[in-house]
Amino acid sequence: MEQTAFSNIRDLAQVPVEPDNHAIRRYMSMCFHCGNCKWTCLDQAGVLDRYSYEDTGNKAICIYCGQCAVECPGFAMSEREDYQSVINAIHDEDKIVIASTSPSVRASISQAFGRGAEFAQGKLVALLKRLGFDYVLDTNFGADLTIMEEATELVDRIKNGGVLPQFTSCCPSWVRFAEIFYPELLPNISTAKSPIGMQGAVIKTWFAKRRGIDPAKIVNVAVAPCTSKKYEIKKEDYNAAGRYLGTCDMRDMDISITTRELAQWAKEAGVDFDTLEEAEFDSLAGTGAGAIFGSTGGVMEAALRTAYYLINGKNPPEEFLNLTPVRGLSSVREATVDLGAAKVNVAVIHGTKNAGKFIDTMKDGLDRYQFIEVMTCPGGCSGGGGQPKGYVIPGLTPPKKRIELLYERDSKMERRLSHENPEIISLYDEFLSAPCGELSHRLLHTSYKDRSGLLKGVEN
């Protein structure tokens with residue numbers, strides 16, 4: 001599967017992919033040179049036209065977003081499949097295999113079985129239990145935890161003169177994009193890990209102790225709409241639980257599989273999705289704020305709900321829970337949001353191509369903002385690179401129906417504020433003590449690295 005070297009993108013029929021890519025693989029024998037992957041990398045990710053092979057030493061630059069795979073009309077481009085490793089763990093009687101599933105998966109999994117988009121949470125949980133997971137948990141819990149940490153960090157930066165604007169950190173492809181092309185912005189990115197990063201560490205510490213489980217026996221599996229999570233979970237400091245427990249070789253999240261992988265596995269196992277009876281999560285439930293993480297603008301809105309509470313000491317008014325200025329599918333949305341005791345200028349961007357244009361245009365004016373959300377994929381995680389094919393319309397149109405399902409779910413939930421999640425409250429009371437405290441930083445926060453040397457062929 002050797003990749004021919006090209007110095008100019010005009011010579012390319014397809015986006016280059018290295019054989020050791022963490023997230024994506026290409027089967028050249030199945031490629032008919034349609035060019036979809038190339039134009040997706042240009043128009044959505046904004047990566048392919050930012051470097052040349054001459055400068056990188058014939059090495060492809062990739063942010064692992066997987067949009068090339070989801071836009072491939074066949075099977076030439078695919079995620080690097082890991083579900084067989086999950087099957088092997090389930091068959092190992094000494095392992096406790098735990099699935100944590102992201103909100104966008106429950107809004108898209110039905111499409112992988114030929115149904116229309118629907119909010120299929122109960123069937124998704126039932127499917128995972130049928131496939132043999134010992135526990136099925138809600139990554140919305142991790143989203144609520146991310147909000148507690150990220151909103152606290154934002155308020156602290158605003159009150160105490162920290163580096164602003166604060167950029168969101170939930171999208172690993174956006175973070176890698178910044179590390180390579182905009183390393184000067186790394187101090188601006190929130191140090192809070194993504195929901196999956198936080199969930200893994202909490203499962204192997206607090207959750208394991210509560211349930212009387214040996215953490216060394218746990219195999220944490222993220223079921224995500226994203227291919228980039230395969231890269232993220234391998235980050236050097238994503239072994240926080242192991243460092244805390246004194247076993248540094250233990251990863252926080254062990255395996256990440258996509259929506260497509262889960263569907264393929266289910267079909268191979270002969271599971272009839274239509275006849276599954278709905279089931280409930282075992283623990284670690286989330287709020288409506290966690291549910292909207294799957295939409296562009298969702299992280300921003302969820303964080304501002306809790307930031308309002310932290311600034312004013314009371315919950316936001318009801319109308320604040322439908323923050324329309326940050327919703328929608330425009331590539332860039334800007335707003336001034338009244339947080340009561342403070343006003344913040346915010347921006348929401350989806351598509352790293354759009355983020356690059358925004359940053360370049362606003363280079364000398366970024367300080368007018370306090371908070372900026374960036375998601376790589378069209379529509380946010382709902383349009384992730386691991387989602388079912390054939391539903392992201394050519395031209396990179398965001399999956400509007402999936403997004404609507406997540407907002408509808410939020411509107412119907414009893415709890416819509418991350419800081420009111422009772423399990424989150426218990427986690428801090430029993431274990432972490434406080435958001436952005438000493439233990440929270442050890443387990444739930446990360447750091448970033450200037451990777452701009454890759455553009456000159458230097459590993460860094």
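Two strands are said to pair if DSSP finds at least two bridges between them; strands (E, at least two residues) and helices (H or I, at least four) are DSSP runs, numbered from the N terminus. The model on screen is predicted, so local features need pLDDT of at least 70 and side-chain atom pairs count only at pLDDT 80 or more, while totals for chains, interfaces and linings use all residues. Residues are numbered from 1 along each chain as its sequence is written, and side-chain values use heavy atoms, with hydrogens and water left out.

**First stop: the sheet**

Select residues 96–101 (strand 3) and 218–224 (strand 6), which run parallel and are joined by 6 bridges. Within this pair, isoleucine 96 stands opposite isoleucine 218 of strand 6.

Extend the selection to the open sheet of 4 strands, in the order 4-3-6-7, with parallel pairing. Its edges are strand 4 (135–138) and strand 7 (255–258), each of which pairs on one side only. On average, neighbouring strands are turned by 25° against each other, direction ignored.

Next, select residues 259–268. This is helix 12, which packs on the sheet and touches strand 6 and strand 7 (contact: heavy atoms within 4.5 Å). Its direction makes about 80° with that of strand 7; axes are lines fitted to C-alpha atoms, for helices over the stretch in contact, and angles run from 0 to 180 degrees between N-to-C directions.

**Second stop: the cysteines**

How many disulfides does a search of the whole structure find? The search finds 0, a disulfide being a pair of cysteine sulfur atoms within 2.5 Å. Select cysteine 34 and cysteine 72: the sulfur of cysteine 34 has its closest cysteine sulfur there, at 6.0 Å, too far for a bond.
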